[in-house]
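Here are a few exercises to work through with the coordinates open. Try each task yourself before reading the solution under it.

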Amino acid sequence: MEANLQYVLSGLSIGGVYAMVALGFSMMWSVAKAANFTHGDVFMLGGVLTVSLMALGLPIWIAAILAILIAAAAGALIERFLVRPFNREANAIGWMLTTIAIGVMMESFGTATYGPLPQPLPSPLAVTPLRFGGAGVFPQELLLPVVAVLAMLGLRLFQTRTHFGRAIRAVAANRVAAGLMGIDADRVTMVVFAAAGGLGALAGFLIAPVIQASTTMGLVIGLKAFMIAIIAGITNAAGVVTMALAFGVVERLIEGYLSTSARDAFGFTLMILVLLAFPQGVFGRKEVSKV
Amino acid sequence: MTVSPRLAVGLTLGIGVAVLAFLPYWSDVFGGRFPTSFELRIVLRVMIMAIVVIGLNVLVGGAGLVSLGHAALYGFGAHVAALLALRAGFGFAPSLVAAVLGTALVGAALAYPSVRVRGVYLAVITIAFGLVFVNVLREWVSFTGGASGLAGIPRGEVFGQRLSPGRRDGFSLYYVVLFFLALAFVLQYTLMYSRFGRAMRATAMSENAAQALGVSVIRMRTLAFVLSASFAGLAGALFTNLALFVNYETFQFTQSIQFLLMTILGGAGTLLGPLVGTIVVFFATVLLQAFEEWQTFAFGALLALVLFVMPKGIVGSFEAWLASRGAKQRMRETAEWPHWTPELNAVIQPLENPPAAALELRGLTLRFGGLVAVNKVDLAAKPGAVHALIGPNGAGKSSVINMISGFYTPSEGSIRLLGQDVTARDSAAMAAAGVARTFQNTELFGAMTVLENVMVGFHTRYEANLIQTLIRAPRARWEEARVRREAEALLDFVGLRDYADERAGALPFGHQRRLEIARALALQPRLLLLDEPAAGLTHGEIEDLVRLIRVLAEKGLTILLVEHHVDMIMAVSDHVTVLDYGVVIASGPPSEIQDDPRVIEAYFGHAAPGAAARKAAE
Amino acid sequence: MTLTPTLRGLFAASVAVASLSGAAKAAQPCIGASWELTGALAHTGLQIRYAVEVAIDEINAAGGVLGEQLVLRAYDDQGEPARAVDNALRIGEQDECVVMLGGFRTPNAIALREPLDEMGLPWVGVISAGTRVIEHETGENEWMFRVSMKDRWVAPFLVEQAVARAPSGRIGLFYEATGWGQGAVPDVVAAAEAQGVELVAQETFNIADTDMTAQLIRLRDAGAEALVFYGVDREADAILRSMERIDYRPTIVSAWGIGGQLGNTAGALSEGVLVAGTFSWWGELEPRAQAVLDAMKERFNLAGPQDLLLPSGTANAYDAVHIIARALEIAGEFDREKLRDAFYEVRHEGIVAVFDPAFERTMERHDAITPDAYRLFAFHNGVMLPLDQTPFGTN
Amino acid sequence: MSDPILSVSGLKVSYGPITAVAGVDIEVGRGEFVGVIGSNGAGKSSAMRAISGVLAPAGGAIRFDGADVTRRKSHEMVALGLAMVPEGRMIFGDQTVRENLLLGGFSRVMRSDPEVEDDIERALELFPRLRERLGQMAGSLSGGEQQMLAIARGLISRPKLLVVDELSLGLAPKILDLLFPILADLNAKGLSILLVEQMASYALAVTQRTYVMENGRVLFSGPSAELAEDDRVLDAYLGRKH
C-alpha cells in the first residue's frame, strides 16, 4: 500500500515534468504542424540558465524569470529561423533533422561552457519532504503536476476567454482563414513557440531542485514527452497532460511490479501498442483523407 | 546534361572498387606508412556504415518512410552474428546469413505499423523500437552480456582464411566487406531501377496514384522495410567480425540519428548519396576531434549548415544543378498527339466478346456521417462508349469516380464491371480488375522521369519475381525491355516521347495531364475514368484531348468522363449523365442534355437569365 | 563456382604481403589515451588529463625519458566502444605511441582486448574497475595493465565494511544498470557468500533516473541496514533525496564511482556516505601529493580539491604515468614489448601506494593496486575525506 | 474609372508548373458591385486568392485604394480594408458564432475598438438567424447559416471592399434567394463588392458589371444587365459554339 502510494506520488511528479514539456510540443504542433526537437533543450535551459545566472550573483527569482524569458526568446527564434523556412516545404525530414542539429548544438554548447556535471539549484520546497506513512515526496515535486494542470487549464482559459487566444485557435484550425481575419499567422505562431519555450523552461526550473540542473537533462525527457504527446493525440492539450501524468505513474508501476531496469522496454512497448491501436493518438481526432 | 544512373553506378563501382582494392597496398607501391591499420579500420568502418545507409536510403529515399531506429536493426544483426558465433559455434557465412534473415524478419514486423501510421507517428514508433531494443540488450545480461557486452567473439573464416582487418594478418576482412559494399551498392541500383523500386518510390510520392495503378502500398512498404533491414543486418554481422566485441552502446538512438543524417546529407533517393553521406559524416566526426570538448557543437553546426544550404543533400543538390543546366541546353519537342502506332495494339486491345454494359452502377449510394454525397445513382456505360458525368460543384461526381476506382466503399448499391460484381473492392484490386483513372489534381510521381511514370503503370503485368529482378535475370531483362518499348509507345501516343527522361514534375501542366493518361493506359484498362482531364488545358490542348478520347473509344476502351468543360463534353461524349445533389437529374445524348431545363437550372440557378429562359422555352 | 579460386588467390596474396610489411618499428615517445571528452561523462576524460599532464610535465622538466620529451595524444571516444577501438588503432598505428591509457568505461576497455593484442600495444587503465578488463576469460592477458581498483577485490572490501555498519548484518546491493554495475554483481554475491553474509535484496537503477524511491522502499521492506552501492554522483544524489523522502537512512558503502560532486549537489544529505577508493585530495596531504595538487591548481586554474571530481582516478593516473616512465627507463628504448616486460620490474613509490613491484606476471596481478591500499572515505560537511579525518570511524 | 478601389492588371497565378490565371485585368469602382463568373476551373478563385493576399501572384500588379499591394499578405490586406468571404466559408467550427464574429474584427478588438459591438449588432440585424445561434459552435450551423456567418464575419473588419468567393457553393436555391439580396443591400449602402460566382444567373441579377472568365483569362466583360441577355454567356457554360 505504502509502495503503491509512493509509485503514484513519484509518478505524478515525473509525469508533471513530462506534462509541461509535452504541453509545449502540443502547442507548437497545433499552430505550426511541426515537431520542434529542440524543445527538450529549451527545457534544459530553464534549469541550467537559472543556476548560471545565480552564479553571477542574481537572486533566484530574477534568475529564473530571466532564464524563462531567454528560453521564450529561444523558442521564438527557433520558430522564425528553423520552423518557418522549412515548414513551407513538404520535406518533413529536413526540418526534423535541423531541429535535432540545433538541439545538439544547444546541449553541447552547454556542456562545453556550463560543464557536463549537474549543479544543485536550492529550493526551500525541496528540503523537507511530506511523508504519508512510509511514502514521501518533496513539496517541490507536487508542484509539477499541479503547475502542469494549471498551465493546461490556463492555456484553455486563455484560448477561450481572450481575443488573442481565440486567434491562436483560429490559426491552429485554418491558417488561411486566420489570415483573412487580419490575423498575422506567422506572428501568432512565433508567440506560441515563445510561450511553449517559456513553459518548458519553467518546467526545467521547477524540476531542477529535485533532479539537479545539467545540460543533459533535456534529452530523454524531451524525447519521452514528445512521444507521450503523440500517443495522446498531440493537438488535444488536456489529453496530452492526462496521458503524461498517467504515463509517469505507469512507469513507476512498471518499476514496482515488473522491472526497474527494463522500465523503458515495457514503457516504450506499451507506447507502440497504444499507437497501433489508436493511430491518431488516444485523444486525437481522426483526419479524413482526401483523394 | 544528365548522367544515366547506369553509367554513374558503373563508373562509381569500377573506380571505387579499384581504388579501395588497391588501398591496402598503397605503401607497397608508393612507400610511406599509409595506410596504417588505423586508416584501414576507418575505411572498414565507413564501408560497413555505408551498407546500413544504403539500406536506409531504400527506405527513406525509396519508400519515403523515416526510421529513427535503424541502429537497432544494425545492432540486431550484429548480435545475431555474435551470439551464433560465440554460443553456437557458427562460422562466418552461416552466422552472416542468419543475421540477414533474422533482421529481415524484424524489418517485416516493423513494417506493420507503417501500414497504420506514417510521418512523425511512424518515426515515434521506430524511436520506441530502438529504445526498447537497447534496453533489452542492456538488461538481458545472461544472454547479451548486458553492458559488458559479448567479448571474445572468434574470428570468422572464409575459404580457410581467418578474417583479418589489418596489416598483421592480411586484409581478408577488408576485401570481404568491400565485396559486400559493392554488392549492396549494385543491389540498390537494381532495386531502385526495377519495377519494385519504381513502385516503391511511387507509393512515397502518391499513395493514391500508386494504388490506382494496382501497386499495393502495404506490400511495397513491407518490401522496403525488409530489404532495408536486411542491409542493416548484413552490416551488423560484418561489424561483429570487425569488432569481435559488441554491446548496446554502439547501437543507440544517436547512432540512428547519425544514419539518418548520413542518408539525408548525401541525398535521399540518390544512388551515390549513401556513400557520400557516410564518408562526409564519418570523417567529420573524426576530423572534428580537433575541437575537443567543442566537437559535438561543431558537428551540430556543420549539420545544420548543410541542411540549410543543401536540403536535398550533397548528391541531390548536385543532380539538381546538373539537371537545371541540362534543361537550358536542350529544347524538347512536343509531338502531335494522339499518335497511334502499331506497337500500341499490344497495349490497348479491344474486347473479344463485349457484354452489353462495360460498367453498370445500381443504386450506388455514399454517405459521410449524415451527409448523403451520392444517392441511389444508376448508370450504364456501353463498351467503347464515352460516358460523361457532369453536374455543378459538389454534385457527387468525384465520389462516384472514387467508388468505382475503389477509393471509397459504397454505402449501398453495386458496381459491375464487364458483368462481374466488383462492389467494395479496394483500389489496387479495382486496378487489377481493369479500372484505370486519372486524378482531378494530377497525381504524377513528380520526382520520377516521364518514362518511369508510365512504367509504374505496367507494375501488375510483370512476371519476374523479386530475386530475378534484383539479379537482373534474363527473364527480368527481357521483360523490362518489353515494358520500356510499350511505355515508349504510349509516350509516343501522347506526344511525349522526347520528354521520356525529363522529371515528370517539371513538365508543363498540359503535358502532365497527357502523361497521366498514358500512365493510366499502361494498366491495359477495360474502363478508363478521367476526372476533369481538361481542367487547366488550353483550347488547343482540349481539342487534342477530345481526339485522343475518341481514338481510345474506337479501340474499344470504355471511358467515364467527369468534366466541367461543357463544350468538350458535347464534342466527345456518346452519353451524358447529370448529377445534382448526389442524384441523377438527367441522362441522355448530349444534344438532349444541352437544352434540358433541369440542367440549365442546376448550372445557372433557378433564376435563369433571360437568355437561358428563352432557350428553355424554345 | 569460378569465383572461388580467384578469391582464394586474392586472400593468399593479401596475407603474404601483410606478413612482409609486419616488421616491428621503434615506437614514439608518446602516451596515447582514449577517454570521454564530450557528453555526460566528459569530465572523466578532462579531469584525468589534469593528472596525466602534470605527471608528464614533471617528467619532461626532469629531462624526459631516455632523453626524449613525452607527449600526450588524447582522443575522445564519446563513451562508445567502437570509437575507443578506432582511437586505439590511431594511437597504435598512426601515432605509433609506445603505450596507451584507458578511460572511464569498462566496456570500452573490454572492446580493446583484441586490437591491443594485434598491435602489441601496452595499455594501462586508470579508472575502469571491471574485473574482466584485466582477468580475461581466455586466461591470457599480455598487454592490459591497470593502476586502479578491481571489482573482484573491491567487492569483499565493500561487503565487509557494510556488514560492519549494519547491526543486524542485513545488507542490500544497489547498483546502476551499466557494464560496471552489472559486472560487479557476481563479485558481490560471491563475497557475501564467502563472508557468510545475507544479501537481503538487490535493486538496480538506470542512468539519469531521478527518483529511486520505489527501489528504496523495497530495500527498506527487506530490512537492509547498509547498502553496497555501485553508481556515480548524479544517481547517488537522486538516491539520497529518495531516502530523505521516505525517511529511510541505511549506511551507503559505495564503490569508487562517487566523486566529489555529490557533496556539491546533495549538501547535507551526503553526510556519512562512505566511498571506497585509493585517494582523496581533501584533508591533510603528504608533501608530494600536495605538490601535485598545487601543480594541477596552478596549471588548470582549479579552486581546490572540490574541482577534482574523480579523486582516486586522478591520483591513479598520476602514478600510472610515473610507472610508465620508470618502465621505459628500464626498457632502455621506446619499444612496446620491452616496455611490457619492464612493467614487471618497476618499483615505484607513488602517491596512492608503494608499488613493489608494480605488476607481476600472473594475470591477476596485472593490477598494480592491491586491496591493502584500498581505503574508505566519508563525506563530512560536503567534502570527501579520509575516514580517519571524519567522525565516521577509522580505516 | 477615375479612382477604382481595386485595380488588377495582368495578374498571373501559378501552382508550380500549372498556370491557373494567365493575365487577368479586373477593376472595381468605389461603391460598385462587380461579378466574376465562369465555369469551375476557370481560375476565378485563384485570382481572388491572389487579390486577397492568400497567394503570391506569379506576375501582374494589384492596386487597392490607391496603393500598390501586389505582394501584401492577407492579414495586411484586411488592415488595408479588403475582406474576403472565402470559398468553402472557412468558418472556425470549434468556436462559437460570436467568437467567429469577433475574429472577423481581430485587429479592431485587439485595439479595444468600442464600436466593434455595434458592428456585430448590425451584422446580427442583417442575419437574425445568427442571433439565435450566437453561443453555438459554428461547426454545428447549417451550410446556409455558415455562409451567413462568413459574410457577417467579413463585415466586422469594416472593409472598403468585400470579396465573396463562390457564395452558392453547396447551398440550396432557397438560401441563395435570401443571401444574394443581402449582398445587393450591402452594396446599396455603399459597400464595394467583388463577387465570384459559378451560378451566373444569380450573379448577373445582382451585380452591376460582370467579367466572364475561362481558362485563366477574362473572355469578355460588360454591364450585367446586357450580359444576362447575351447568348455568349450561356454558350460558354453549356459549350455551344457561337
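## Exercise 1: the B–C interface

40 residues of chain B are in contact with 43 residues of chain C, where contact means that the two C-beta atoms, placed from the backbone, lie within 7 Å. A word on the setup: this is a predicted model, in which local features need pLDDT of at least 70 and side-chain atom pairs count only at pLDDT 80 or more, while totals for chains, interfaces and linings use all residues. Residues are numbered from 1 along each chain as its sequence is written, and chains are lettered from A and ligands numbered from 1 in the order in which they are written.

Task: work out which elements of chain B give two or more residues to the side that touches chain C, and which gives the most.

Step 1. Get the elements: helices (H or I, at least four residues) and strands (E, at least two) are DSSP runs, numbered from the N terminus.

Step 2. List the contributors of two or more residues: helix H3 (37-62), helix H6 (120-139), helix H8 (172-192) and helix H14 (295-309) of chain B. H3(B) comes out on top, with 6 residues.

Step 3. Sort this side of chain B by class: 13 nonpolar, 15 polar and 12 charged residues. Here Ala, Val, Leu, Ile, Met, Phe, Trp, Tyr, Cys and Pro count as nonpolar, Asp, Glu, Lys and Arg as charged, and the others, Gly among them, as polar.

Step 4. Put the pair in context: of the 5 pairs of chains that touch, B and C have the most contacts. Chains C and D, on the other hand, do not touch, and their nearest C-alpha atoms are 40 Å apart.

## Exercise 2: where chain C meets chain A

Task: find which element gives the largest share of the side of chain C that touches chain A.

Step 1. Count the residues: 31 of chain C are in contact with 33 of chain A.

Step 2. Pick out the elements of chain C that give two or more residues: helix H2 (42-61), strand S7 (198-205), helix H9 (213-222), helix H10 (233-246) and helix H11 (261-266).

Step 3. Choose the winner: H10(C) supplies the largest share, 7 residues. By class, this side of chain C divides into 11 nonpolar, 12 polar and 8 charged residues.

## Exercise 3: a sheet in chain C

Task: give the strand order of the 5-stranded open sheet and say which strands stand at the edges.

Step 1. Two strands pair if DSSP finds at least two bridges between them. That yields the order S2-S1-S3-S4-S5 in chain C, with parallel pairing.

Step 2. Strand S2 (71-76) and strand S5 (144-146) of chain C are the edges; each has a single partner strand, so one side of each lacks a neighbour in the sheet.

Step 3. The twist averages 25 degrees from one strand to the next, using lines fitted to C-alpha atoms as axes (for helices over the stretch in contact) and angles from 0 to 180 degrees between N-to-C directions.

Step 4. Zoom in on S3(C). Strand S1 (residues 28-35) and strand S3 (residues 97-101) of chain C pair in the parallel sense over 4 bridges, and 2 bridges join S3(C) to strand S4 (residues 123-125) of chain C. C:Leu101 stands opposite C:Ala33, and its bridge partner in S4(C) is C:Val124.

Step 5. Check burial: a residue is buried if 20 or more other C-beta atoms lie within 10 Å of its own, exposed if 12 or fewer, and partly exposed in between, with C-beta atoms placed from the backbone. In S3(C), 5 of the 5 residues are buried, so the strand is largely enclosed by the rest of the structure.

## Exercise 4: a two-faced helix in chain D

Task: decide which residues of helix H5 (residues 116-126) of chain D are buried, and what they pack against.

Step 1. The buried ones are D:Val116, D:Ile120 and D:Ala123. Seen down the axis of H5(D), they fall within an arc of 60 degrees (taken from the directions from the helix axis to the C-beta atoms), so they line one face of the helix.

Step 2. Turned away from that buried side are the exposed residues D:Glu117, D:Asp118, D:Glu121 and D:Glu125.

Step 3. The buried residues of H5(D) pack against helix H3 (97-104), helix H4 (106-110) and helix H7 (143-155) of chain D.
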